[in-house]
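Trainee: I would like to go through this structure one question at a time. Please give the reasoning before each answer.

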Amino acid sequence: MSPRVGRADDTTAPAGAATTLAFVESPVQLLNVLEWAHSAAATGPTGGLTVVVLSPNDPMTRGQLRRMAQLARDEGVEVRWEEARGGASAPFQTIGGLAGPLRRADRIVIGDPFSRYVQLLLTITKARSLVVVDDGTATMEFVSQLARGERLQRWHRKGGRPGPRDLVFAPVSASARRRLTPGGSRTVEVFSSMPIDSAPDGVTVSVNSFAWTRERFGPPRITRGADLVGTSLVETGVVDPDRYVEAVRALSLAHGANRYFAHRRESSEKLHRLAVETGLQVVRPDLPLELIARRGPIGRTILSFPSTVVHTLPLALAGTEVKVAVCDIDPSWLTETASPRAQGFLSGVTGTARDVHRLSSVRHGAAATG
């Protein structure tokens with residue numbers, strides 16, 4: 001077993017040694033910071049690593065983050081929990097308290113370059129080394145926008161007119177984008193399990209193979225049948241809820257699925273409807289799905305719609321007999337308000353996934369194999 005990712009540096013580092021400050025807002029981001037630290041420790045010192053959790057208000061996300069924070073502490077990583085959204089004054093208190101560490105840090109690691117909170121923090125730091133770890137498929141869009149010199153905007157919002165808040169925040173966003181662009185003595189690394197074929201000049205792309213996850217957990221016990229992974233495409237306004245429920249029912253019938261692993265952003269109302277209308281057992285995971293699947297038990301087939309897990313699960317489950325299958329989003333499922341780029345982006349997520357079985361569509365109660 002490899003050394004713990006945080007211990008060698010932050011327990012013995014002398015005063016004035018290099019320091020690394022990581023900002024996370026989701027359990028997956030924290031998992032990928034641990035994967036980055038594990039990977040970086042294999043090639044050289046990572047600097048004393050402190051992870052700052054900018055805690056959201058969503059109860060399920062908070063619960064997963066607390067579990068991930070304990071795993072990080074077990075690895076010797078210092079974790080600083082910030083109630084960053086705990087009231088009107090919370091952001092000012094959080095930013096004020098972090099100003100000193102931000103100015104002293106030699107390296108900044110972030111999980112969501114689209115986050116306004118993170119963008120604001122980037123305007124304070126003087127760090128010359130920046131690392132972006134995966135926050136899911138949005139990493140692909142971030143790299144593309146950075147290469148084209150575009151303003152940073154989430155893919156499911158792209159195509160709409162900027163709102164008043166977007167216009168007010170535009171100078172901060174522009175400043176963050178400049179800091180995320182390498183130049184002079186400033187270096188930028190993207191640590192990703194996503195398929196990034198090309199990156200802007202000067203941006204280093206490192207592969208996240210989920211080595212830490214595989215070393216720490218599993219291999220899992222594999223059960224018969226299939227498990228289905230949920231998505232928040234309904235909650236983000238991309239997919240019509242009725243069509244989504246129909247597709248879940250068709251997939252579960254076609255493949256004998258028994259469990260539905262809920263995305264942390266899925267609403268309780270939708271999950272209740274899914275349980276009633278599909279008969280699936282709805283499971284709210286207490287950790288990111290990569291860890292849940294690796295620890296097991298897990299179905300022999302994992303069914304998913306286009307999402308991050310079609311890229312990450314094959315890596316986390318490498319060496320097992322588990323098969324990951326992805327079902328395309330039919331254009332008829334999209335809402336009228338969905339971004340014009342939604343279909344193309346989702347198709348790209350599916351088409352670039354490696355080591356997955358592709359299900360081209362769901363029709364007449366069965367999934368057609370592509």
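Trainee: Which residues of α6 are buried?

Mentor: This is a predicted model, so every statement here is about computed coordinates. Buried means under 20% relative accessible area. In α6, 8 of the 11 residues meet that cut-off, so the helix is largely enclosed by the rest of the structure. The buried residues are A138, T139, M140, E141, F142, V143, Q145 and L146.

Trainee: Which residue follows α6, and what is the sign of its phi?

Mentor: Helix α6 covers residues 138-148. The residue that follows α6 has a phi near 70°, which is positive; this residue is G149.

Trainee: What kind of aromatic pair do F114 and F142 form?

Mentor: A pair of aromatic rings is described by the distance of the centres and the angle of the planes. F114 sits in the loop between β4 and α5, and F142 in helix α6, 28 residues apart, so the pair links distant parts of the chain. Both F114 and F142 are buried. Their centres are 6.4 Å apart and their planes are at 90°, and planes over 60 degrees apart count as edge-to-face.

Trainee: What is the arrangement of the rings of Y244 and F305?

Mentor: Y244 lies in helix α9 and F305 in the loop between β11 and α12, so the pair ties together parts 61 residues apart in sequence. Y244 is buried at 1% relative accessible area, and F305 is buried at 0%. The ring centres are 5.3 Å apart and the planes are at 45°, so the pair is tilted.

Trainee: Which residues do ring pairs link into a cluster?

Mentor: A search of the whole structure finds 4 aromatic pairs. Ring pairs link three residues into a cluster: Y244, F305 and W333.

Trainee: Are α2 and α3 roughly parallel or roughly antiparallel?

Mentor: Helix α2 (residues 27-41) and helix α3 (residues 59-74) pack with their axes 8 Å apart, at an angle of about 15°. Angles under 35 degrees count as roughly parallel. That makes the two helices, α2 and α3, roughly parallel.

Trainee: How many residues in the contact of α2 with α3 are nonpolar?

Mentor: From α2 the contact uses P27, L30, L31 and L34, and from α3 it uses T61, Q64, L65, M68, A69 and A72. None of these residues is charged and 2 are polar, which leaves the nonpolar count at 8.

Trainee: Where is the cis peptide bond with an omega of about 0°?

Mentor: Most peptide bonds are trans. One cis bond joins G218 and P219, with omega about 5°, and P219 lies in the loop between α8 and β8. The cis bond with omega about 0° leads to P297, in the loop between α11 and β11. It joins G296 and P297.

Trainee: Is F210 buried or exposed?

Mentor: F210 lies in the loop between β7 and α8. Its phi is near 60°, a positive value in a residue other than glycine. The relative accessible area of F210 is 1%, so F210 is buried.

Trainee: Is D355 buried or exposed?

Mentor: D355 is in the loop between α13 and β13, and has a positive phi of about 60° although it is not a glycine. With a relative accessible area of 69%, D355 is exposed.

Notes: Residues are numbered from 1 along each chain as its sequence is written. This is a predicted model: local features need pLDDT of at least 70, side-chain atom pairs count only at pLDDT 80 or more; totals for chains, interfaces and linings use all residues. Side-chain values use heavy atoms; hydrogens and water are left out. Axes are lines fitted to C-alpha atoms, for helices over the stretch in contact, and angles run from 0 to 180 degrees between N-to-C directions. Helices (H or I, at least four residues) and strands (E, at least two) are DSSP runs, numbered from the N terminus. Angles under 35 degrees count as roughly parallel, over 145 as roughly antiparallel, 65 to 115 as roughly perpendicular and the rest as oblique. Contact means heavy atoms within 4.5 Å. Rings of Phe, Tyr and Trp (its six-membered ring) pair if their centres lie within 6.5 Å; planes under 30 degrees apart count as stacked, over 60 as edge-to-face and the rest as tilted. Buried means under 20% relative accessible area, exposed over 50%, partly exposed in between (1.4 Å probe, protein chains only).
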